[in-house]
Amino acid sequence: MFPAATKFFGRVSPPVGHCVSGASRSAIGRRLSTLAVLEQRGGQLKHGSLRSFTAAQKLGGHVHGFIAGSKVTAAAEEAAHMDGVEQITTVENEIYEKGLPESYAQLLVDNIKKGNYTHVVASHTAFGKSILPRVAALLDSQQISDVTSIEDEKTFVRPIYAGNAIATVESSDPVKIITIRGTAFAPAAPGSGSATVVPGADPKAEATSEWVSEDLAKSDRPDLATASKVVSGGRGLKSKQDFDKVMLPLADALGAAVGASRAAVDSGYADNSLQVGQTGKVVAPQLYMAVGISGAIQHLAGMKDSKVIAAINKDADAPIFQVADVGLVGDLFEKVPELTGKIRNSKA
Amino acid sequence: MSALRILVPVKRVIDYAVKPRVNKAQTGVETAGVKHSMNPFDELSIEESVRIREKKRAPGGVEDICAISAGPAKAQDILRTAMAMGADRAIHVEVKEGEELEPLMVAKLLKKAAEQQKSNLVVLGKQSIDDDAGQTGQMLAGLLGWPQATQASKVEFGEGDSVVVTQEVDGGVETIRAKLPMVVTTDLRLNEPRYASLPNIMKAKKKKLEKMTLEDFGLANEKRLKVLKVTEPPARQGGGKVEDVDGLVSKLKEMGAL
């Protein structure tokens, strides 16, 4: 491609009457425009996915949203109020409701081509992780995963090696496909936007897989990925009964989401979906309280961008204390109930 | 039901227990003299393939398990490990030391390999722990036009080439059904990989390891991303310890966290 021309014309209108070469002309014809892929469930917009708008706005250029499913009109209307968004493309068809990658990827490819987008952004969630690489391959583009910062329209920052190194990469692909780390981009606030809602292309792609069932953990507590406070338990909790007895009251006293280390999940103390770390969720809350967690590098990968880290562990040499802003050495079975009580009292 | 011909891509990466260090030139992480192993998710792929055979889980049986890796000469070590765990044979696609392949390139290579080997099931790890991209399996499925199941925690086979996969998703699990040929990526909870026994390590030395190059597949390495720099993440300073719960509460209040 023509990086210099794209960079210049992507941001500024060319001077009127200026003689442009064929190469530059194609760059003008293709102004920077981003399609942000939104997620929904049963017609309800997933608000976390609106962070794609925040990332899209960092890129500059036009910002469009995309949403598909059985009934997405209400969700599209809601997304249309976000500031800086010009258009929401909707496709209403039951085959896209469950986000099956075979049909949904084809749907996205057709709409990306139709809209002539230069950038496509989605959240690095189970949905984004499953569908975007398939889309990228179909468009012959090398996706950039789990982006934490956007330097310019072709330069992106992402963690590698479980967050032990930070890579800055420059993409030469004509269509840049990125997934973003939700915690690295501010939530989009409902604004006074009035984007137009338009129907998109529907290839009615054949679904070669079929949704059978799901089993989602039900919880009234805040969502782990976006909670402002997280309390997380590890191997030190000893059993599921103890995990529930010690951690849940603390979470409720703080109004926090519950997380867990891989050891706690593998031992069956907590559900798989609560795992925080390189292979689980990445969180960055205001407060992360690690209880009975030693602090292996794979776990730190999922929480070390938290604003304040507190740790309670009986081993004074546990690596978690090297990153914790405040540490307490002691038996969690004594200290946590005492802490829970004091937090409750201070609120009462 | 077709007999399974399973292709298992494996990657040699810095061992998960090693804390990687960024090199002085800020072009990457130090790899010289650092312990390398098979990517942990790829061990799960091999283990699952071998278990499908051992437990006779597929009605059509398992005809072949072929491990494949693209990388420098040392990638052969992990292919031997894969064979010691139970893979029948291996293909090593030699890539010069220091020349990395991006996931899209690997997917293109695996597409050719799957076609050439007449594979009907490709089992990959959900991500490699070095690049953390999590793309190759999905890209491969897209290029082949096959169905995909990602982050699998359970894989079952039924009549008529049907495959039922439970996938780990945000908030729980989701089960999907598709038909062979398909691509599956493995998640932590799928199984517990075995250790290769000494007799099996010896036997693996006699198994067939075919050496190939990208050119043999009609491909040339093409990079889309230029790494401008690699840096250390901002260091976090521990804030020290407090004596008791009251100290913890007051410190947290002081920092505005409570």
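A salt bridge, as the term is used on this tour, is a side-chain nitrogen of Lys or Arg within 4 Å of a carboxyl oxygen of Asp or Glu. Please keep in mind throughout that the model on your screen is predicted.

**Stop 1: a salt bridge inside chain B**

Select Arg5(B) and Glu63(B), whose side chains meet in a salt bridge with 2.8 Å from N to O. Arg5(B) belongs to strand E1 (residues 4–9) of chain B and Glu63(B) to strand E4 of chain B, so the pair ties together parts that are 58 residues apart in sequence. Glu63(B) counts as partly exposed, because its relative accessibility is 49%.

**Stop 2: chain B as a whole**

Now show chain B by itself, where you can look for six helices and 13 strands. The C-alpha atoms of this chain fill a box of roughly 65 × 40 × 40 Å along the principal axes. Of the 258 residues in chain B, 53% are buried. If you consider the contacts in chain B between residues at least 6 apart in sequence, 70% of them join residues at least 24 apart.

A small example waits at Ala73(B), which you will find in the loop between strand E4 (62–71) and helix H2 (75–85) of chain B. Leaving aside residues up to four places away in sequence, Ala73(B) touches His92(B) and Glu94(B). The C-alpha atoms of Ala73(B) and Glu94(B) are 6.4 Å apart in space, although the two residues are 21 apart in sequence. Ala73(B) has a relative accessibility of 42% and therefore counts as partly exposed.

**Stop 3: where the two chains meet**

Bring chain A back into view and select the residues of each chain that touch the other: 76 residues of chain B are in contact with 86 residues of chain A. The two chains bury about 6600 Å² between them, and 53% of this area is on carbon and sulfur atoms. Colour Arg224(B), Arg236(B) and Val245(B), which supply 11% of the area that chain B buries against chain A, more than any other three residues.

The interface also holds 49 residue pairs in polar contact, with both residues at pLDDT 80 or more. Several elements of chain B each supply at least two residues of the side that touches chain A, including helix H3 (103–116), strand E9 (172–179) and helix H6 (245–254). The largest share, eight residues, comes from E9(B). By type, the residues on this side of chain B divide into 34 nonpolar, 17 polar and 25 charged.

**Stop 4: charged pairs across the interface**

How many salt bridges are there between chain B and chain A? The count is eight. One of the pairs to select is Lys342(A) with Asp246(B), whose side chains come to 3.1 Å, N to O. Another salt bridge joins Glu210(A) and Arg177(B), with the closest N and O atoms 2.9 Å apart. Because Glu210(A) lies in strand E13 of chain A and Arg177(B) in strand E9 of chain B, this pair joins two chains. Finally, select Asp140(A), Asp173(A), Lys108(B), Glu222(B) and Arg224(B) together, since these residues are linked in a network of salt bridges.

**Stop 5: following strands through chain A to chain B**

Select strand E17 (residues 308–313) of chain A, in which six of the six residues are buried. In a regular strand the side chains alternate between the two faces of the sheet. In E17(A), Val308(A), Ala310(A) and Ile312(A) lie on one side and Ile309(A), Ala311(A) and Asn313(A) on the other, and all of them are buried.

Strand E16 (residues 287–291) of chain A pairs with E17(A) in the parallel sense over five bridges, and Val291(A) stands opposite Ile312(A). E17(A) also pairs with E18(A), again in the parallel sense, over four bridges, and here Asn313(A) stands opposite Val329(A). From strand E18 (residues 326–329) of chain A, two bridges lead across to E13(B), and these two strands run parallel. To see this junction, select Gly327(A) and Lys241(B), which stand opposite each other.

**Stop 6: a buried serine in chain A**

Is Ser103(A) buried or exposed? Select this residue in helix H5 (residues 101–115) of chain A. Ser103(A) is buried, because its relative accessible area is 0%. Apart from residues up to four places away in sequence, Ser103(A) touches Ile95(A), Tyr96(A), Ala205(A), Glu206(A) and Ala207(A).

Note on methods: Residues numbered from 1 in each chain as written. Chains lettered and ligands numbered in written order. Heavy atoms only, no water. Contact = heavy atoms within 4.5 Å. Buried area = accessible area lost by both parts, 1.4 Å probe. Polar contact = N/O pair within 3.5 Å; in protein donor to acceptor, adjacent residues only side chain to side chain. Nonpolar A, V, L, I, M, F, W, Y, C, P; charged D, E, K, R; others polar. Pairing = 2+ DSSP bridges. Buried < 20%, exposed > 50% of the residue type's maximum accessible area, 1.4 Å probe, protein only.
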